Amino acid sequence: MSPRRRTFAVTIAAAAALAAPLGAPAQATPAPTTGLTPQLATAYRSAKAHAVRQGVPLWITSGKRSWAEQRELWRDGLRTYGNPEVARRWVLPPGESTHVTGRAIDVGPLPGARWLARTGSRWGLCRTYANEWWHFEVATAPGRRCPPMLPSAAQR
Ligand SMILES: [Zn+2]
């Protein structure tokens, strides 16, 4: 996909998620692990292989984002929520988003995300925001307990 089309698709998916922040992010073509940190890519691939063996549906809905993509999401958030304080609960500016640095993935569908929330610490993968069931980062050593979730990205 061309960068422009990819930006469009990511923006549409995020806009749908923003429109219904407590619902599932819009289904899109599973995003690749390209651009993720090696640590996160390896952790996700291990989790994904385990999910496949267990028959659990799991894929990345949004992984690494460019600065421009995140800036567009941030602008969408400002338009949707009207002020930065509220918008920050759901989307961060490009200088602060862990998606821009390749350190975060959003996953779906809901059953797969729930499975990953239960089992992900095995690979160091943790849900980091209580209001985003889809957002995971490497936040602990493999096999260790995940840290408590932040209420939302606004508390980062
Ligand atoms: Zn995310």
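Two strands count as paired if DSSP finds at least two bridges between them. Keep that rule in mind as we look around this predicted model, because three bridges join β3 to β4, which is enough for a pair.

**Figure 1. The whole chain has five helices and four strands.** Start by following the chain along its sequence, where the pattern reads α-α-β-α-α-β-α-β-β. Of the 156 residues, 38% count as buried. Now consider contacts between residues at least 6 apart in sequence: 60% of these join residues at least 24 apart.

**Figure 2. The predictor's confidence varies along the chain, with residues 1-24 having a pLDDT below 50.** The mean pLDDT of the chain is 87, and 82% of the residues reach 70 or more. How many contacts does the stretch 1-24 have beyond near neighbours in sequence? There are 32 in the model. Please look at this part with some caution, because predicted coordinates should not be read in detail where pLDDT is low.

**Figure 3. Four strands form an open sheet in the order β1-β2-β4-β3.** The pairing in this sheet is antiparallel. Which strands sit at the edges? They are β1 (59-62) and β3 (125-127), and each of them pairs on one side only. From one strand to the next, the twist averages 50°. Helix α2, made of residues 38-54, packs on the sheet and touches β1, β2, β3 and β4 (135-138). The direction of α2 makes about 115° with that of β4. Helix α5 lies across β2, β3 and β4, and runs at about 120° to β2.

**Figure 4. A close-up of β1 and β2 shows an antiparallel pair held over three bridges.** Find Ile60 in β1, then look across to Val107, its bridge partner in β2. Ser62 stands opposite Asp106 of β2. The residues of β2 point in two directions: Ile105 and Val107 go one way, while Asp106 and Gly108 go the other way. Are these four residues buried or exposed? All of them are buried.

**Figure 5. Ile60 is a buried residue of the model.** The place of Ile60 is in strand β1. Why does Ile60 count as buried? There are 20 other C-beta atoms within 10 Å of Ile60, and the cut-off for being buried is 20 or more. Leaving out residues up to four places away in sequence, Ile60 touches Pro30, Ala31, Tyr44, Ile105, Asp106 and Val107. Ile60 and Pro109 lie 49 residues apart along the chain, and their C-alpha atoms are separated by 9.0 Å.

**Figure 6. Strand β4 has partners in β2 and in β3, and both faces of β4 are covered.** Two bridges join β2 to β4, and these strands run antiparallel. For Asp106, the bridge partner in β4 is His135. The strands β3 and β4 also run antiparallel, joined by three bridges. Here you can see Cys126 standing opposite Glu137 of β4. On one side of β4 are His135 and Glu137, on the other are Phe136 and Val138, and all four are buried.

**Figure 7. The peptide bond from Gly108 to Pro109 is cis.** The omega of this bond is near -15°. Where is Pro109? Look in the loop between β2 (105-108) and α5 (110-119). As a reminder for this view and the next, most peptide bonds are trans, and most residues other than glycine have a negative phi.

**Figure 8. Helix α3, residues 67-81, has a buried side and another side with exposed residues.** This helix has 15 residues and reaches 21 Å from its first C-alpha to its last, close to the 21 Å expected at 1.5 Å a residue. Which residues of α3 are buried? They are Glu69, Gln70, Leu73, Trp74, Asp76 and Gly77. These buried residues lie on the same side of α3 because they cover an arc of only 160° around the axis. Now turn to the other side of α3, where Trp67, Ala68 and Arg79 are exposed. After α3 comes Gly82, whose phi is positive, near 85°.

Key: Residues are numbered from 1 along each chain as its sequence is written. This is a predicted model: local features need pLDDT of at least 70, side-chain atom pairs count only at pLDDT 80 or more; totals for chains, interfaces and linings use all residues. Axes are lines fitted to C-alpha atoms, for helices over the stretch in contact, and angles run from 0 to 180 degrees between N-to-C directions. Two residues are in contact if their C-beta atoms, placed from the backbone, lie within 7 Å. A residue is buried if 20 or more other C-beta atoms lie within 10 Å of its own, exposed if 12 or fewer, and partly exposed in between; C-beta atoms are placed from the backbone. The expected span of a helix is 1.5 Å times one less than its number of residues. The arc is that of the directions from the helix axis to the C-beta atoms. pLDDT is the predictor's confidence in each residue, from 0 to 100.
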